[in-house]
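I opened this entry to record what I looked up about pockets, cavities and nearby surface features. The notes follow the order in which I checked them.

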Amino acid sequence: MRSMDLNGIWESVNGRTGERYRANVPGFIQKDLMEQGVIPNEYDTLLEPKIEWIENDDWEYRRTFGLDDELLRSEALELVFEGVDTFAEIQLNGKVVGRTENMFLSYRFDVKGIAQANNELVVRIFSPTETMKEKERAFGESLIQWNSISARVFGRKAQYGYGWDWGARLATVGIHKAVRVEGRQALRGEHLGYRLAGLSDEKAIVVAHHTVVNLKDAPFDADMIYRIYDGETLRAEKKERTAIAAGQRRYEASLEIANPKLWYPAGHGDQPLYRLEVSVVADEASISSSCAVGIRDVKIKMPYDEQGRKFLIEVNGAAILCKGVNWIPLRLFPNLDTAEEYRSEIADIAAANMNMIRVWGGGTYENHDFYEECDRLGIMVWQDFMFACGDYPDDDAFSELVRREADFVIDEFGWHPSIVLWCGNNENQYFVERSRKFRKHGFGEKLYFDVLKEACRKDTLRPYWPTSPYSLTFDHSKYEGDYGDLHSWHVWGQTHPYEEYRDVNGRFLSEFGMQSYPSMRVMDQVDPAANLRDPKFDAMQKAPYGIQRLFYYTVGDYLLPADKAGFVYVSQLMQANALRYGVEHWVSRMPDTSGALIWQWSDLWPSISWAIVDYAKVKKPAYYYMKRSFRSPNVIAKTWPGRTEAELYVVHDLGDIEGKVTAEFYDLTTDRVVKTEEREIRGQGRRSTFAGKLEVSGFDPATTVLYVHLEAEGDRLASQTYLLGKPHRLKLKPANVQVTKRALPGGDTEFTLTADAFAKDVGLSDVPGTLSDNYFDLRAGESRTVVLQGPLPEDCEPTVVCLNGIRTISYV
């Protein structure tokens, strides 16, 4: 096979005005126009009405290219588009060679006899908004949705582009993946994958499967060679002479690996990856392909218990406590992320003691680089299909388009061991139930419970879950939290106090979250002089009544700061407090609750949102709080404002543990421990162990901090700090926090922080990148050393912040 890359600079032409612009492929026209100064970039947070015209216009992408004689003589010559967003007509040398209608699919067009030595390629992309409105009118029934325009559900396009409650409306238009010309003589191979036909300690039977396209009119014989490598060591091989049928056909072969190494999630074992290589060798031509193989068995188990039924994700027979985040695209422009960007993000997730990412159904299927990094680090992926928050059409044409998408996605990404679950959609059960009241089958019900379910039958490497949340029944209101997975949004969504997280005993919390402001680094990039109610900042808040709710929760925890930076800081602490309150409750219920996935990991524009990493890549306090809450082994003290007792738990992801839990009551007025309690514990692996109750009455919540420690065999395994009441009650003394920094060999930066009095939530603020720790409490005289990966950015000089130093308005 020979190919010619057609990526790079193209010309774009606006179909309405005739204006011409430089365009990047892969890319999007909005990104090009931002870079050329035609439209504002995302830091003009009022940009949406200024750019909406782009999505309503048709656009042409044009370029010329040459082909040499060898390519032109190829038996088959194809024009390959790995991704077009979304509705397009492809013309080569004035002739229409094909059309696209799904940004999640790749497309191949036969151009043999059309291609010449000199060629003109034109891609006419029709307005996605107008096209979907036409489809909506033709469907003839009223569909509803949360977020954005009703027509969005009629296009297989990243749904968040029409605006969400954390993102701007920027409905992308472009050629967002690679384009090339491929020339072949006889063979084309695609979609190499595998399944496991047997697995034991002694052997794994790996069934390799791949599709071969014979471009000739007649069959011919070829040697099929299958090999599995462990590094450079050949572990299994099979060779066979096979008749390659004309046209397209799938071939399989079984290979046996002795004493297989199993792939485990992070924190539960190693992540060995084998390499499967397949070659087809014939006189006419030869092809080869390869993919990684991770040997593991994944099941959803739902045993009955007194509450209802558990929801357990088992890997290699072990029930995993799933700890992690929900993932939206990293930016407004999907699929343009680099391997290095994915490596950085996923490494930070792993560093926070997380082991699962839920790829949310309103975004996009990420690039292979994303899944390969999850494979390598043992981060499990809960993979939604791309449907979110709305009715979806269920006519035959749309169902067929969805079936093609599912087949492609499963074939393209199904070999990644990190993907442990396919899920039909995000939050569409509500819409199915609503429409089932006036039609036999709810809108989308056919897609999730028939089309996608059937497509996933062929994938035996992971289970399928039809919708999220799902309670095993359509009429789920009576059983919320007792079955299946749960999105818990009565906190924030209904403005309930976050202390009510303790009343939620869901079996798997696949979504929950609390908002905060982003760092001052982001705020200043938008406008350093603006106050918090400036329209520029209001535009960053897309959630209904979001500003009011954010103030409600923040002032519920803290005295009202006297300046903007102070309010931003305490809003972030409030977010961290709320998430910790919920997460540690659910972790303490393991295995009755087996998952806690925070909404959301990061921002894709300068947003006021639920993210724990903001658009400037500054990690909020919640990131570091979750790193401590998710660690294993761990000790947790469940305290409640106003209650006289705390509950102690030990959580251990792996084997049993024996050790000691120590509780220390630290007095803020004297800066010393005034009472210590110790108790021996025996903790069971893969569950939480109750370590008893702790009497806290008699201690003033305004002047007492509770420290709990877990020790085993003389080593301190975990330490946590807790308040006995709301933080606004604390009587903190002034604290002088000194910081020193030095460059370390290898390029990292080390900071040492020391306090002369108890200092609450000490942080190095506005630092983009990854610190080993941040936003922690320091006792009087205590020093803490933290390390920043790499050097400080040139425009960053971190300042030390702590709650002691926040000026507040005196009358509250």
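**Pockets, cavities and a buried helix**

I began with the largest pocket, which holds about 1,400 Å³ of space. I note that the model is predicted.

I asked which residues lie nearest the centre of the largest pocket. They are Ser-106, Glu-190, His-191, Phe-408 and Glu-412, out of 50 lining residues. I then sorted the lining by class and found 19 nonpolar, 16 polar and 15 charged residues. Helix H7 (396-413) and helix H6 (368-377) each supply at least two residues, as do several strands, including S13 (187-199) and S14 (203-214). The greatest contribution is that of H7, with 6 residues.

I turned next to the second largest pocket, for which I recorded a volume of about 1,000 Å³. Its lining has 38 residues, and Trp-146, Glu-427, His-487, Trp-489 and Glu-511 are the closest to its centre. At least two lining residues come from each of H8, strand S28 (486-487) and helix H10 (490-493). H8 gives the most, with 4 residues. By class I listed 16 nonpolar, 13 polar and 9 charged residues for this second pocket.

Trp-146 led me to the surface, where Ile-144, Trp-146 and Tyr-430 make a nonpolar patch of about 280 Å². I placed Tyr-430 in helix H8, residues 429-435. Is Tyr-430 buried or exposed? With a relative accessible area of 43%, Tyr-430 is partly exposed, because that value falls between the 20% and 50% cut-offs.

I then searched the whole structure for enclosed space and noted 5 cavities of 30 Å³ or more. The largest cavity has a volume of about 330 Å³. Of its 23 lining residues, Asn-577, Arg-580, Tyr-581, Thr-639 and Leu-723 lie closest to the centre. Helix H14 (564-588) gives the most to this lining, with 4 residues. I counted the lining of the largest cavity as 11 nonpolar, 4 polar and 8 charged residues.

The second largest cavity holds about 150 Å³. Among its 14 lining residues, Tyr-194, His-209, Ile-410, Lys-458 and Asp-459 lie nearest the centre. S13 and H7 each give two or more residues to this lining, and the largest share, 4 residues, comes from S13. Both elements also supply at least two residues to the lining of the largest pocket.

Last, I checked helix H15 (residues 621-629). Here 9 of the 9 residues are buried, so H15 is largely enclosed by the rest of the structure. The buried residues include Lys-627 and Arg-628 as well as Tyr-623, Tyr-624 and Tyr-625.

Definitions and conventions: Residues are numbered from 1 along each chain as its sequence is written. This is a predicted model: local features need pLDDT of at least 70, side-chain atom pairs count only at pLDDT 80 or more; totals for chains, interfaces and linings use all residues. Side-chain values use heavy atoms; hydrogens and water are left out. Patches are made of residues with over 30% relative accessible area and no salt bridge: like charges are joined within 9 Å, nonpolar side chains (Val, Leu, Ile, Met, Phe, Trp, Tyr) within 5 Å. Accessible areas come from the Shrake-Rupley method with a 1.4 Å probe; for residues, only the protein chains shown count as cover. A salt bridge is a side-chain nitrogen of Lys or Arg within 4 Å of a carboxyl oxygen of Asp or Glu. Buried means under 20% relative accessible area, exposed over 50%, partly exposed in between (1.4 Å probe, protein chains only). On a 1 Å grid over the protein atoms alone, a cavity is a set of points where a 1.4 Å probe fits but cannot get out, and a pocket is an open set with protein on both sides within 12 Å along at least five of seven lines; lining residues have an atom within 4 Å of a point. Grid points are joined across faces, edges and corners, and a volume is the space filled by probe spheres set on the points. Ala, Val, Leu, Ile, Met, Phe, Trp, Tyr, Cys and Pro count as nonpolar, Asp, Glu, Lys and Arg as charged, and the others, Gly among them, as polar.
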